[in-house]
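Biologist: Let us talk through the charged side-chain pairs here, one question at a time.

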Amino acid sequence: MVANSENQDVQVYLDQAVQLRKDGQLEAALEKIQQALAINPDFPPALNQLGATYLQQQEFEQAIAAYQKAIELNPNNPGFYNGLGDAYLKAKNPTAAVSAYQKALEINPKPPGIHKKLGDALKQEGRMKAAIAAYQKAVELNPNNPGFYNALGDAYLRAKNPTEAVSAFQKAVELNPQAPPPYKRLGDALQQSGQLEGAIAAYQKAVELKPDNPGFYNALGTASLKAQQPQQAITAFQEFVKLSSDNPGAYRNLGDAFKQNGQVEEAINAYQSAIALQPDNLSLYRLLGDTFLEQDREEEALDSYRKA
């Protein structure tokens with residue numbers, strides 16, 4: 001009877017801890033878990049909860065220790081290895097994370113999310129071929145998760161395979177057409193494969209869905225410049241400047257667009273704005289000097305080159 005009563009007390013504490021974690025009350029959750037462990041220090045579910053709570057607090061070493069002890073007590077629970085992998089991945093130890101996720105999948109190969117996290121760890125290690133295989137398995141197990149296609153597309157991009165990346169991002173967009181980031185990544189893949197018009201269309205969609213993201217305007221402007229569409233690039237970079245007025249790169253890009261459009265004075269003003277924000281960037285002075293020299297303004301060009 002005493003043992004049953006103690007087990008009930010442990011479970012009550014753990015149930016309370018789970019709810020406190022959901023509410024973001026991590027310190028209070030830890031107290032409940034410690035109360036449970038005081039009754040039964042070798043109870044794997046309590047140690048698992050301890051690891052999960054430490055992980056939420058970004059106390060990675062303590063999370064790892066808790067998961068490892070849970071695994072010692074119950075080495076056949078895939079969830080414990082999954083938690084351990086999460087802790088290692090957050091601690092920037094992808095090699096150990098790979099081992100933990102692989103062990104989880106040996107015990108239960110069905111959860112697509114663990115295959116996806118295995119891919120993340122492999123990608124962090126720089127093992128793109130293996131990461132792609134892991135993401136493909138996640139997609140096979142759950143073909144309706146746009147996040148899996150996004151991860152697969154990113155891995156293909158990193159592997160310099162933009163054609164496959166385009167296919168993956170197109171599937172992500174198809175599954176979640178209101179999410180802006182996949183359009184941005186689709187644009188990156190199309191641009192990498194030389195399909196500039198398609199890239200521009202994808203970036204425009206990203207901007208339409210999230211018009212306050214400066215990176216989307218920068219991508220649109222860059223693709224427009226490559227496509228020899230300077231007026232469209234100017235419009236995009238002007239929005240980039242509005243949203244990132246302290247970013248010297250925004251002014252430099254705007255200057256490049258003005259220059260391609262034949263608006264030299266506007267380009268000079270933009271380059272000077274970039275220099276004002278980053279006066280130790282020597283390449284900006286050289287760029288400004290080149291622009292002056294192209295206009296036969298030798299004295300101003302020399303002044304810029306001296307500063308470079």
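Biologist: How far apart, N to O, are the side chains of E208 and K205 in their salt bridge?

Modeller: This is a predicted model, in which local features need pLDDT of at least 70 and side-chain atom pairs count only at pLDDT 80 or more, while totals for chains, interfaces and linings use all residues. Residues are numbered from 1 along each chain as its sequence is written, and side-chain values use heavy atoms, with hydrogens and water left out. A salt bridge here is a side-chain nitrogen of Lys or Arg within 4 Å of a carboxyl oxygen of Asp or Glu. E208 and K205 meet in such a pair, with an N to O distance of 3.3 Å.

Biologist: Which helix holds both E208 and K205?

Modeller: Helices are DSSP runs (H or I, at least four residues), numbered from the N terminus. Because E208 and K205 lie three residues apart in one helix, residues 196–209, they are separated by about one helical turn, and that helix is α12.

Biologist: Is E208 buried or exposed?

Modeller: Buried means under 20% relative accessible area, exposed over 50%, and partly exposed in between (1.4 Å probe, protein chains only). K205, at 25% relative accessibility, counts as partly exposed, whereas E208, with a relative accessible area of 55%, is exposed.

Biologist: How far apart are the closest N and O atoms of E140 and K137?

Modeller: E140 and K137 are three residues apart in helix α8 (residues 128–141), so about one helical turn separates them. Their salt bridge has its closest N and O atoms at 3.2 Å.

Terms used
Helix = DSSP H or I, 4+ residues; strand = E, 2+ residues; numbered from the N terminus.
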